[in-house]
Amino acid sequence: MSEIKQYPVLKHIVNVIKKAIADSKVEEQSESVSIIKDGNDSIHIKQLFDNTEDIATIFITDKKEILFSEDLLETLQDIADSAKGDAALKKALQATTIIVNDLTIETDFIFQAVKESFNELSDSYEFLKTTEKNIEELAAQFKFGDNRFDIKLKNEPDIIRIEAQVNDAVTPKVKKIIEADIVKIEQGLTKMFKGEK
C-alpha cells in the first residue's frame, strides 16, 4: 500500500496534537484528512484551500473537547511558532485559519471569557447552552435568576459585539441590569482581545 503524502500544514498540526496527547494514534485517510484517536474518542482534522490554493483552512471536529481539556487551543493559536527552522512552513501556518468545532480559536477564547465575565459580575448568571456556531459568530442562552435571555456574539477584526435578546416577560429593571452588564463585558473583552493592535 502506498503511503499517503499529506499537506505539510495538516501533517504539522496533526503531529503537534499527537505529541501532546499521550498514546494517541493517527489514521491518515487522504492527503487532506487525518483522524487522531485517543482511546474511544477521536479528533477529525481536514484541510481545505481557498480559491487561490495558497491559504489553507483547517477544520477540526472534536466532539469530546479533548483539545480544550488538554490545553491545546493556545498551542494551536500560536501554531506557527512551532515550525522552527522551516520558513516556508511557518509562513503557511501563519496564513492558515484553524476552526475548532465550527469556531475560530480566538472566538472560542472570547466565548469562554464571556462566560467567566458573567460569573464575575454576578452569581445570578448561568450559562445554559450554545445554540449556534458559525466561525466568528455564535448564539447562546443564559439565565439571570429565573430570567432566560439570548446573546449573539460576533468577533470582528477590531471589535467584539455582544447583543442581548431579552424576553418581553423580563421586568424592565432586570432587563436594564442584563443590558448594562453586556455593555461592560463587550467593552472589557474588546479591550482585552483587540486593544493591543
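Start your tour by selecting Glu70, Asp71, Glu74, Asp78 and Asp81: on the surface, these residues gather in a patch of negative charge. Keep in mind that you're looking at a predicted model. Now click on glutamate 74 alone. You'll find that residue in helix H3, which covers residues 73-77. Is glutamate 74 buried or exposed? Its relative accessibility is 54%, so glutamate 74 counts as exposed, the label for anything over 50%.

**Zoom out**

Next, show the whole protein as a cartoon. Six helices and ten strands make up its secondary structure. If you show just the C-alpha trace, it spans about 65 × 40 × 30 Å along the principal axes. The protein has 197 residues, and buried ones make up 38% of them.

**The six-stranded sheet**

Colour strands E1 to E6. Together these six strands form an open sheet, in the order E1-E2-E3-E4-E5-E6, with mixed pairing. Which strands stand at the edges? They are E1 (25-30) and E6, each with a single partner strand, so one side of each has no neighbour in the sheet. As a bit of background, strands of a sheet pair through backbone hydrogen bonds, and they can be parallel or antiparallel.

Stay at the E6 edge for a moment. E5 and E6 run antiparallel and are joined by two bridges. Select valine 100 and look across to E6: its bridge partner there is leucine 103.

Now pick asparagine 101, in the loop between strand E5 (97-100) and strand E6 (103-104). There are a few things to check here:

- Phi of asparagine 101 is near 50 degrees, a positive value in a residue other than glycine.
- Asparagine 101 counts as buried because its relative accessibility is 18%, and the cut-off for buried is under 20%.
- Try a distance between C-alpha atoms: asparagine 101 and aspartate 62 are separated by 6.2 Å, although they're 39 residues apart along the chain.

**Over to the E1 edge**

Go to the loop between helix H1 (8-20) and E1, and select aspartate 23. Aspartate 23 isn't a glycine, yet it has a positive phi of about 65 degrees. Unlike a buried residue, aspartate 23 counts as exposed, with 69% relative accessibility.

**Salt bridges**

Time to show some side chains. How many salt bridges does the count come to? The answer is six, and you can visit some of them now.

Begin with glutamate 28 and lysine 11, which form a salt bridge whose closest N and O atoms are 3.0 Å apart. Glutamate 28 belongs to strand E1 and lysine 11 to helix H1, so this pair ties together parts that are 17 residues apart in sequence. Glutamate 28 is partly exposed, with a relative accessible area of 28%. Lysine 11 is also in the partly exposed class, at 30% relative accessibility.

Slide along to lysine 37 and glutamate 27. Their side chains meet in a salt bridge, at 3.1 Å from N to O. Because lysine 37 lies in strand E2 (residues 33-38) and glutamate 27 in strand E1, the pair ties together parts that are ten residues apart in sequence. At 38% relative accessibility lysine 37 counts as partly exposed, and glutamate 27 counts as partly exposed at 31%.

Now jump to helix H6 (residues 172-194), where both aspartate 181 and lysine 184 lie, three residues apart, or about one turn of the helix. These two form a salt bridge, with 3.4 Å between the closest N and O atoms. Check each partner's surroundings: aspartate 181 counts as buried at 8% relative accessibility, while lysine 184 is partly exposed, with a relative accessible area of 49%.

**Two hairpins to finish**

Select strand E7 (residues 125-134) and strand E8 (residues 137-144). They run antiparallel, joined by eight bridges. To see one facing pair, pick glutamate 126 and look for lysine 143 opposite it in E8. E7 and E8 form a hairpin with two residues between them, and in the turn isoleucine 135 has a positive phi of about 60 degrees.

Your last stop is strand E9 (residues 147-155) with strand E10 (residues 160-166), which pair in the antiparallel sense over seven bridges. Here the hairpin joins E9 to E10 through four residues. For a facing pair, select isoleucine 151 and find alanine 164 opposite it in E10.

Conventions
Residues numbered from 1 in each chain as written. Predicted model: local features only at pLDDT ≥ 70, side-chain atom pairs only at ≥ 80, totals over all residues. Heavy atoms only, no water. Patch = residues over 30% accessible without salt bridge, like charges linked within 9 Å, V, L, I, M, F, W, Y side chains within 5 Å. Areas by Shrake-Rupley, 256 points an atom, 1.4 Å probe, with all protein chains shown as cover. Salt bridge = Lys/Arg side-chain N within 4 Å of Asp/Glu carboxyl O. Lys, Arg positive; Asp, Glu negative; His and termini not counted. Charge placed at Lys NZ, Arg CZ, Asp CG, Glu CD. Buried < 20%, exposed > 50% of the residue type's maximum accessible area, 1.4 Å probe, protein only. Pairing = 2+ DSSP bridges.
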